[in-house]
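Subject: Structure for you to look through

Hello,

Here is the structure I said I would pass on. Please open it first, then read the notes below it.

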Amino acid sequence: MIRAAILGASGYVGGELLRLLARHPAIAATRLFGDSKAGQKLGQVHPHIAVPLADLTVERFDLAALDGIDLVLAALPHGESQKIAGAILEKGCKLVDLGADFRLHDPQDYAHWYGEPHQAPELLGRFVTGIPEFHRDAIRSAQAVAAAGCYPTATILALKPLVDAGLVDPASIIVDAASGVSGAGRGLKEGTSYNVVEGSFVAYGLLNHRHTAEMEQALGATILFTPHLAPMTRGILATCYATATRDMGPDEPLSVLRSAYADEPFVRVSNEPPATKWVAGSNGAVVTARYDPRTGRVVALGAIDNLGKGAAGQMIQCANLMTGLDEAAGLAAEGVFP
Ligand SMILES: NC(=O)C1=CN([C@@H]2O[C@H](COP(=O)(O)OP(=O)(O)OC[C@H]3O[C@@H](n4cnc5c(N)ncnc54)[C@H](OP(=O)(O)O)[C@@H]3O)[C@@H](O)[C@H]2O)C=CC1
Ligand SMILES: CC(=O)N[C@@H](CCC(=O)OP(=O)(O)O)C(=O)O
């Protein structure tokens, strides 16, 4: 059994990691770390988790507690893992980090989009981008992986094969994406309370959402990205538009996606526009795309569960690769529907 420690175990992503690891054949969650909930039994913190995991106690992080740990899964607020990643790697643990700390390759980009200097720029080169569909071999041999953000994962899966095939102008991309409220984390905030979110649909982060940088880095593109908050618990739907580089049949982008993802266990190419419910609770992603001859534009859509392929599922998919396990161990592509 691979012994895993979870940092941020008391958060929403931590809860989803634990739900998935409870049934994982080869990775066991053995040490759980939190902050304000340190000292509490996991069953109190995450009522959806059953014994034996529910009997474990959430601890405050201590490097010595990583003795005997093979794998660290970190789901911490931005800025926290760059303080400790060096020591974790020094100890010889494999690390999958979900925060944004090690996603952007250029520390200047991090400073620009996150408003503070990077505290461990010397470690950036050691992290491989955690989207297995595009970085599988590098992830297999990596000690450290920076799992992609939720909006970027949906967007990159929908667009990258089309950009790589030269079908769309990378300078013309517009992304409108909507997220479920769990994407904002567990902390109570006025903007995510039930009475504010229910029956409403709102855009936020106009012109400056930090995920723009991650999408632009992955696609080599210039992107106008507008995130939205949708009145649902889980899910992200990204609707992406770009100017086509030439005339083509309406289904040519769909064919490109089909070839790109033909052998992928978690990415399904659909003729129909995908719904977030198709992938809720799973590590699945569903994408589709069309060319519109009337406007000369390509539209591409991607649906994921923000806590699944957008977070915990993708982390486990990366960890499976890093530890030589079956990439799909403990993961499903099918959502909870209806
Ligand atoms: N939610 C989502 O869909 C996605 C989230 N992410 C990213 O994953 C990370 C975790 O997200 P999420 O689970 O939603 O967030 P939550 O707010 O739900 O959980 C945060 C976790 O971090 C712990 N924590 C908070 N402050 C500190 C600190 N100073 N030192 C150590 N631990 C701390 C919390 O502990 P405690 O509760 O005990 O105080 C909790 O376990 C974030 O970086 C987020 O941006 C990425 C993709 C999708
Ligand atoms: C609905 C909502 O608020 N979503 C979050 C994004 C999700 C997230 O956790 O950000 P990282 O992927 O960078 O870690 C937001 O827009 O800030």
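**Helix H8 and what follows**

Right after H8 comes Gly-220, which has a positive phi, near 60°. Helices (H or I, at least four residues) and strands (E, at least two) are DSSP runs, numbered from the N terminus. This is a predicted model, in which local features need pLDDT of at least 70, side-chain atom pairs count only at pLDDT 80 or more, and totals for chains, interfaces and linings use all residues. Residues are numbered from 1 along each chain as its sequence is written, and chains are lettered from A and ligands numbered from 1 in the order in which they are written.

H8 spans residues 211–219, and seven of its nine residues are buried. Buried means 20 or more other C-beta atoms within 10 Å of the residue's own, exposed means 12 or fewer, and partly exposed is in between, with C-beta atoms placed from the backbone. The buried residues include His-211, Glu-214 and Leu-219. Helix H4 (107–114) and strand S10 (223–229) are among the elements that cover them; contact means C-beta atoms, placed from the backbone, within 7 Å.

**Ligand 2**

His-211 is also one of the residues around ligand 2, as are Cys-150 and Ser-179. Here a residue counts if its C-beta atom, placed from the backbone, lies within 6 Å.

**Gly-324**

Is Gly-324 buried or exposed? Gly-324 is exposed, because only 9 other C-beta atoms lie within 10 Å. Gly-324 sits in the segment after helix H10 (308–322). Its C-alpha is 29 Å from that of His-46, and the two are 278 residues apart in sequence.

Regards

Methods:
Contact = placed C-beta atoms within 7 Å.
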